[in-house]
Amino acid sequence: MLKEAISSFFSEWENIKAEPFGSGHINDTYRLTISGRSADTGPNAGVTDMGRDEIVNIAGKRYILQRINGSVFPDPVALAETHLKIEQRAAEGSSGIKIASIVPNLKGNYITFDSEGNGWRLTTYIDNSYSVDVASERWHAHEAGRAWGWFAATCSDLDASGFSEPIENFHRLSFRLKQLESAISENRAGRRDESVGMIEFYMDIVPGLLTIDKLYDQGELPRRVVHNDTKINNLLFRDKRAVAVIDLDTAGPGTLLFDYGDALRTTASTSDEDEQDISKAGFSLNAFVSFTRGYLQEVSHFITQTELKWLHTAPLLMSTIIGIRFLTDYLNGDIYYKTARPSHNIDRCAVQRAIAESVINSRDEMKSVVDEIYSGLQ
Ligand code: ADP
Ligand code: GN1
Ligand code: MG
């Protein structure tokens with residue numbers, strides 16, 4: 001199927017090397033490198049009307065090809081439409097941060113469906129860039145804050161009602177709670193008894209966080225176009241600067257709190273999301289401060305007072321939502337996230353719990369940090 005997808009985007013003369021790439025949990029990602037044109041050396045020499053200079057120019061050119069997971073994203077064409085709208089808006093700015101361009105196939109369509117019905121998408125490769133799974137250096141956090149703030153500002157005057165929800169109720173805590181409750185009662189993988197401690201932890205903290213669902217439904221927290229998957233490895237860096245925001249599959253309606261909180265649960269995490277040594281897991285207040293400085297600088301001109309008031313609760317909200325999702329998948333027998341070991345999902349859940357625990361202990365301090373940084377920008 002990979003070959004079929006490649007040949008929809010490139011002419012038969014182009015020699016393409018494909019390698020699996022990245023560490024995403026949902027889609028299959030390949031990095032493509034054009035090694036040259038078969039007309040250059042092979043049996044088709046002379047078939048192309050390309051000059052030698054042009055052949056040299058495209059050799060080494062790279063792309064990212066992704067098979068979109070159809071059971072998670074039932075409408076890949078809608079994802080491409082959203083990508084295009086945001087890409088266009090981002091291109092109007094001049095911040096040094098960009099969004100990889102989506103590239104049409106040879107027929108001019110942005111999604112190729114292979115013979116099995118899988119949707120494939122090609123984007124330009126951001127050259128000389130890299131992503132990190134853990135923000136191990138202080139500047140990572142500041143740059144991540146700046147980049148996600150830039151993204152929020154870029155989308156701030158897009159009308160959210162013109163965007164579809166790629167996955168319904170994606171960050172709705174009450175919905176995630178219901179899914180957890182079903183998983184508990186079905187106990188499909190027979191893992192309920194061993195997970196009792198984890199289940200109780202989440203059942204205890206959820207009620208206090210449901211206010212955010214309500215504020216969002218009542219419109220007190222504005223419905224904006226947001227990214228909805230702002231983990232640190234959805235940013236690309238070059239040298240010591242963030243240069244691109246990637247992975248727009250989940251982009252659509254949401255609140256700023258989703259993006260700010262989701263970014264912090266990974267950027268201020270003291271460990272990898274998959275860490276098995278739980279003593280390493282937790283939340284770094286230093287990283288929180290650096291991220292918040294970078295973020296608020298970008299959003300202070302449009303963020304509302306209600307968003308500001310609740311911003312410090314967002315890391316707890318998002319670590320809880322993701323922790324519940326990992327736990328639910330564990331109880332269901334690992335049917336959603338890619339896993340590499342039987343305990344993978346519960347290990348991930350334990351890391352989210354450790355983050356939630358450290359955040360709960362620092363809530364007041366976090367509120368003061370947000371308020372102080374914001375006041376300093378006025
Ligand atoms: P997933 O949805 O599976 O998380 P991503 O779109 O985040 O997939 O891509 C996975 C990884 O591939 C990223 O973390 C990044 O390292 C790399 N990557 C993705 N898009 C690009 C790009 N346009 N340029 C360079 N690297 C990219
Ligand atoms: C998934 O695709 P990826 O790895 O960027 C998930 C996010 C979770 C994340 C946890 C569509 O993101 O919501 O936060 O894993 N994406 C989807 O690592 O479910
Ligand atoms: Mg990703």
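1. Is Thr 292 buried or exposed? In this predicted model, Thr 292 is buried, since its relative accessible area is 0% and the cut-off for a buried residue is under 20%. The residue belongs to helix H9, which spans residues 285-299. Its side chain makes a polar contact with the backbone oxygen of Phe 288, at 2.7 Å.

2. The metal site deserves separate comment. The magnesium ion, ligand 3, is coordinated at 2.2 Å by Asn 234 through OD1 and by Asp 247 through OD. These two residues stand 13 positions apart and link distant parts of the chain. Asn 234 lies in the loop between strand S8 (224-226) and strand S9 (235-238), while Asp 247 lies in the loop between strand S10 (241-245) and strand S11 (252-254).

3. The two magnesium-coordinating residues fall into separate accessibility classes. Asn 234 is buried because its relative accessibility is 4%, and the limit for that class is under 20%. Asp 247, with a relative accessible area of 27%, is partly exposed because this value falls between the 20% and 50% cut-offs.

4. Asn 234 also takes part in the surroundings of ligand 1. There are 18 residues around this ligand, and those that come nearest are Gln 66, Thr 124, Ile 126, Ser 131 and Asn 234. An N or O atom in the side chain of Asn 234 is 2.9 Å from an oxygen atom of ligand 1. The preceding residue in the numbering, Asn 233, places a backbone N or O atom 2.9 Å from an oxygen atom of the ligand. Ile 126 contributes a polar backbone atom, 2.9 Å from a nitrogen atom of ligand 1. Taken alone, ligand 1 exposes 550 Å², of which the protein buries 94%.

5. Ligand 2 is likewise surrounded by 18 residues, the closest being His 25, Lys 231, Glu 273, Arg 325 and Tyr 336. Helix H11 (residues 314-332) gives the most to this shell, with three residues. Two side chains supply an N or O atom facing a ligand oxygen: that of Glu 273 at 2.6 Å and that of Arg 325 at 2.7 Å. A polar backbone atom of His 25 is 2.8 Å from an oxygen atom of ligand 2. Ligand 2 exposes 440 Å² when taken alone, and the protein buries 98% of that area.

6. A final point concerns the pocket assignment. The space taken by ligand 1 is the largest pocket, and the space taken by ligand 2 is also given as the largest pocket.

Terms used:
Residues numbered from 1 in each chain as written. Chains lettered and ligands numbered in written order. Predicted model: local features only at pLDDT ≥ 70, side-chain atom pairs only at ≥ 80, totals over all residues. Heavy atoms only, no water. Donors = N, O, S within 2.8 Å, 3.2 Å for Na, K, Ca; no water. Helix = DSSP H or I, 4+ residues; strand = E, 2+ residues; numbered from the N terminus. Buried < 20%, exposed > 50% of the residue type's maximum accessible area, 1.4 Å probe, protein only. Near = heavy atom within 4 Å. Polar contact = N/O pair within 3.5 Å; in protein donor to acceptor, adjacent residues only side chain to side chain. Areas by Shrake-Rupley, 256 points an atom, 1.4 Å probe, with all protein chains shown as cover. 1 Å grid on protein atoms, 1.4 Å probe; cavity = no way out; pocket = protein on both sides within 12 Å on 5 of 7 lines; lining within 4 Å. Sits in = over half its atoms within 2 Å of the grid points.
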